[in-house]
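Thanks for coming. I have one structure to go through today, and I will take it feature by feature.

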Amino acid sequence: MPSENIKIIEGDLSVRDLRVACVAARFNDFIVEPLLRGALDALGRHGVGKDGIDVVRVPGAFELPIVVRKLAASGRYDALIALGAVIRGDTPHFDYVAGECAAGLARIALDSGVPVAFGVLTTDTVEQASDRAGGKAGNKGADAALTAIEMVALLRKLAT
Ligand code: INI
């Protein structure tokens with residue numbers, strides 16, 4: 001089937017009047033701070049002004065969902081960007097923190113309709129995390145910010 005006849009609806013990165021909050025975990029801050037810097041840089045490069053951005057800090061990735069839920073319910077934000085780093089240790093703790101964090105954030109987005117970008121690294125090693133926080137595998141905080149912008153654009157388009 002020739003694809004030029006098919007209507008394709010997708011978001012872009014040129015959204016106006018965006019209001020976002022980055023919610024960043026302090027645990028593993030040597031990884032999360034570069035993720036946050038990457039997210040703020042990406043937002044700025046795509047025209048999101050400082051007055052459209054709030055940064056909220058939580059103790060660890062496990063605390064991200066409850067705070068993201070509160071912010072989603074406030075009606076003040078078009079999108080939320082959750083940032084954290086869960087690095088596997090010697091105990092099953094990793095699985096509980098990473099699993100509850102991911103499941104909680106996904107549920108909040110679905111329940112609230114506010115897009116939540118998942119900028120939470122879940123890695124086996126510090127090196128893998130560092131590679132993804134501005135190292136050789138890019139910056140997943142910046143990627144999450146771009147996802148947030150695109151999702152707002154897409155949801156606005158679908159609403160019209
Ligand atoms: N929190 C993280 O953000 N990353 C981790 O790797 C981590 N580990 O490995 O323990 C972690 N634990 C703390 C957790 O998020 C909560 O803050 C804590 O359990 C208190 O509720």
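**Salt bridges, pockets and a few odd residues**

Let me begin inside one helix. Aspartate 143 and lysine 140 sit three residues apart in helix H5, so about one helical turn separates them. Their side chains meet in a salt bridge, with 3.7 Å from N to O. The cut-off for a salt bridge is 4 Å, so this pair at 3.7 Å is counted. As for exposure, aspartate 143 has 36% relative accessibility and counts as partly exposed. Lysine 140 is also partly exposed, with a relative accessible area of 31%. Before I go on, please keep in mind that this is a predicted model.

There is also a network to mention. Arg19, Asp78 and Arg156 are joined into one network by salt bridges that share partners.

How many salt bridges does the count come to? The count is eight. The general point is that side chains of opposite charge can pair when their charged atoms come close.

One of the pairs is glutamate 33 with arginine 57, where the closest N and O atoms are 2.5 Å apart. This pair links distant parts of the chain, 24 residues apart: glutamate 33 is in helix H1, residues 29-45, and arginine 57 is in strand S2, residues 53-58. Glutamate 33 counts as partly exposed, at 24% relative accessibility. Arginine 57 counts as partly exposed at 40%.

Helix H1 also holds a pair of its own. Aspartate 41 and arginine 45 are four residues apart in helix H1, so they are separated by about one helical turn. Their side chains form a salt bridge at 2.8 Å, N to O. Are these two residues buried, partly exposed or exposed? Aspartate 41 is partly exposed, with a relative accessible area of 42%. Arginine 45, with a relative accessible area of 64%, is exposed. The cut-off for exposed is over 50%, so arginine 45 at 64% passes it, whereas aspartate 41 at 42% does not.

**Pockets**

Next, the pockets. The volume of the largest pocket is about 290 Å³. Its lining has 14 residues, and those nearest the centre are Pro65, Ile66, Gly104, Arg107 and Ile108. Two or more lining residues come from each of helix H2, 64-74, and helix H3, 93-112. Which element gives the most to this lining? That is H3, with eight residues. By class, the lining of the largest pocket divides into eight nonpolar, two polar and four charged residues.

The second largest pocket has a volume of about 230 Å³. It is lined by 17 residues, and Phe27, Ala85, Val86, His93 and Val97 are the closest to its centre. Strand S3, 79-87, and H3 each supply at least two residues of this lining. Here S3 gives the most, with four residues. The lining of the second largest pocket is made up of nine nonpolar, six polar and two charged residues. For anyone looking at H3 on the screen, that helix appears in the lining of the largest pocket and in the lining of the second largest pocket.

**Surface patch**

On the surface there is a nonpolar patch formed by Ile9, Met151, Leu155 and Leu158, with about 330 Å² of accessible area together. Leucine 158 lies in helix H5, residues 140-159, the helix that also holds the pair I started with, aspartate 143 and lysine 140. With a relative accessible area of 51%, leucine 158 is exposed. Patch residues need over 30% relative accessible area, so leucine 158 at 51% meets that condition.

**Backbone angles**

Last, two residues with positive phi. Aspartate 17 has a phi near 55 degrees, which is a positive value in a residue other than glycine. It is found in the segment before strand S1, 20-25.

Asparagine 28 also has a positive phi, of about 55 degrees, although it is not a glycine. Where is asparagine 28 placed? Asparagine 28 is in the loop between S1 and H1.

Is each of these two residues buried or exposed, and why? Aspartate 17 counts as exposed because its relative accessibility is 69%, and exposed begins over 50%. Asparagine 28 is buried because its relative accessible area is 17%, and buried means under 20%.

That is what I have on this model. I will take questions now.

Key:
Residues numbered from 1 in each chain as written. Predicted model: local features only at pLDDT ≥ 70, side-chain atom pairs only at ≥ 80, totals over all residues. Heavy atoms only, no water. 1 Å grid on protein atoms, 1.4 Å probe; cavity = no way out; pocket = protein on both sides within 12 Å on 5 of 7 lines; lining within 4 Å. Points joined across faces, edges and corners; volume = space filled by probe spheres on them. Nonpolar A, V, L, I, M, F, W, Y, C, P; charged D, E, K, R; others polar. Patch = residues over 30% accessible without salt bridge, like charges linked within 9 Å, V, L, I, M, F, W, Y side chains within 5 Å. Areas by Shrake-Rupley, 256 points an atom, 1.4 Å probe, with all protein chains shown as cover. Buried < 20%, exposed > 50% of the residue type's maximum accessible area, 1.4 Å probe, protein only.
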